[in-house]
Amino acid sequence: MDFATFLIQCLNSLQYGLLLFLVASGLTLIFGIMGVINLAHGSFYMIGAYMAFALAPVVATTFGGGFFATLLVGTVLAVALGYVLEWIFFSFLYEREHLQQVLMTYGLILVFEELRSLAVGDDVHGVQPPEILAGTLPLGEMMTYPVYRLFVSGVCLALAIGMWFVFTRTRLGMMIRAGSTNREMVQSLGIDIKFLYRVVFAAGVAIAVLAGMVAAPVSSVYPGMGNSVLIICFVVVVIGGIGSIRGALLAALLIGAVDTFGKVLVPQAAGVLVYVLMALILLWKPDGLFKAG
Amino acid sequence: MNHIDRSKAAFVAACFAVLALLPLLTGSYGVDLVTKIMVYAIFALSLELLVGATGLVCFGQAAFFGIGAYAAVLLSPASEAAGLWWLLPVSIVAAAMYALAVGALSLRTKGVYFIMVTLAFAQMAYYVVHDTPLGGGTDGIYLYVKPALGSLIDLDGSLTLYFFTLACLVAAFAFLAVLLRSRFGRALAGIRVNEQRMRATGFSTYPYKLAAFTLSGGIAGLAGFLFAVKDGFVNPELMSWHLSGAVLIMIILGGIGHLRGALIGAFAFALLQEFFKSEAIFGAFAKHWHLGLGLTIIASVALLPRGLVGLPGQWRERLIGRSRSATVGQEAMNEA
């Protein structure tokens, strides 16, 4: 492997890792704070990707906008979707056992997949990146790197910094952190925990949908894409330590690197490497790398 | 035995009696379908021992199922029937040995971490058969001649297989029912309710959990063996996390904490699938069968907090609640 290839693989692993972080951060937030194992989280990623494909023509005719307008409209829709979903399907589940939540979110996966199939069909689609970002950057003499992939990394980084800021520097972030530590205490201090949960859930959904929309031009859009990302995101969440955003970031970058370089160096064993890594880390640290709280 | 225990036993006995008589009523399609569902029921029972009895949520159960299935196919001679008397125990032991190894390591973790470590080990087994030529790779392998026990039992016949599977199901159910009533089973229940307290009373909990995990793997291996013999074909999908998830969904749907919940759940899940897939009822919409299944599952979570097993109890409470409020109303009127 020469230096340019190595550099490209580094950039790829960074981009993949950051994208995983986006999806996994919503999962870890929802699990860490609300205690809900949300199997349907991968479906939100899938919904996002299909939005990037199906929403673009609609947005173009109504607002005359392009890719960025689609991102904006999609995010707004996602927040609304998350808010309503929490209200209808999750608000009565908190007192129940975790396994009941697993069953419910499994049902939601089936429903989302089938609604997607009814609405857009089962074909695989490609999504074009916007024209401003369609170019490539030269790397070395022979290699080039697509600008859009750099853009994906940039968006993910910006969101990660934004989340860090909200979490550690704002009143909302303080309430969320407090809510994850002790629900009853926060409630008795006069904070509307139900509203807080709804906001967290909506934010988690919006981030996953946004990740799906941004990823669509890189990964193409196909049925079942939500399920494959879901399992990897659970791996990220438990390696990082449940509820820990910092842990999720580190774990996502680690998984991104192991997966990307694994595919290049040992292609026949690439699939299994991630799981071997997870098993080793959890046997070494049974609570993940950074345990929250 | 109080009357509730007796009615439960009567219910299970009635179920098995119906299953024994079913081939008289249905054609070969029904026999084939119910054989498959009974295999899933054995598989669900194996997971119930972990989730319901011990409180360990395993998300890698398909690996043990798959190992039982692959062992049955790989160890069968190519052109003659393998002896059932050795192939069945060997397949079960192979699955149990893998479970012993996985359990020994993953029982160091707890809760969601345990769920994910068991998934990790199942995925490793999946990729071993998926990416190496050992088990035919992604294409899978065929079992050309099905195992037999001399001339007495030949699992090639679908009716023989049906009754053999039924016998295995009854045996697995009876074994678990006795096991859970034994001292060992009580210890598992204690671990489920409060592991700290069990340790404080002097139980070393780790060997108990490991034993439960190994037994569960063995029973899952039995289910896998039957599945391979029934289909005459194995592929890596038998070890995929989708199957681990599906079997978990079956026992939650049926109702955690009851052996018959696993039976009911397996039948409910598979029959719902058949129902929503049926083109005779839904016509062209049948290919969107996930939608109906998903909505039914969501409705069952909303309406049946204790699973299908809890349904009679819910009805009873409702009736009693209603009659009680009626008598209270009557007394109030009498006083007035």
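Domain bounds here come from an automatic or database domain assignment, and the model that this tour walks through is a predicted one.

Begin with chain B, and colour residues 29–293 as domain 1 and residues 304–336 as domain 2, which are the bounds that the assignment gives for this chain. With both domains of chain B selected, place a marker at the C-alpha centre of each, and the two centres will be found 39 Å apart.

Next, select the residues through which these two domains of chain B meet: domain 1 brings 11 residues into contact with 5 residues of domain 2. On the domain 1 side of this meeting, show helix 10 (241–254) and helix 11 (259–277) of chain B, each of which supplies at least two of the touching residues. Helix 11 of chain B holds the largest share of that side, with 5 residues. If the domain 1 side is then coloured by residue class, 5 nonpolar, 5 polar and 1 charged residues appear.

Now bring both chains into view and turn to the contact between them, to which chain A gives 33 residues and chain B gives 29. On the chain A side, select helix 4 (98–120), helix 9 (225–240) and helix 11 (270–284), since each of these helices of chain A provides at least two residues of the side that touches chain B. Stay longest on helix 4 of chain A, which gives the most to that side, with 14 residues. Coloured by class, the side of chain A that touches chain B shows 23 nonpolar, 6 polar and 4 charged residues.

Methods:
Residues are numbered from 1 along each chain as its sequence is written. Chains are lettered from A and ligands numbered from 1 in the order in which they are written. This is a predicted model: local features need pLDDT of at least 70, side-chain atom pairs count only at pLDDT 80 or more; totals for chains, interfaces and linings use all residues. Two residues are in contact if their C-beta atoms, placed from the backbone, lie within 7 Å. Helices (H or I, at least four residues) and strands (E, at least two) are DSSP runs, numbered from the N terminus. Ala, Val, Leu, Ile, Met, Phe, Trp, Tyr, Cys and Pro count as nonpolar, Asp, Glu, Lys and Arg as charged, and the others, Gly among them, as polar.
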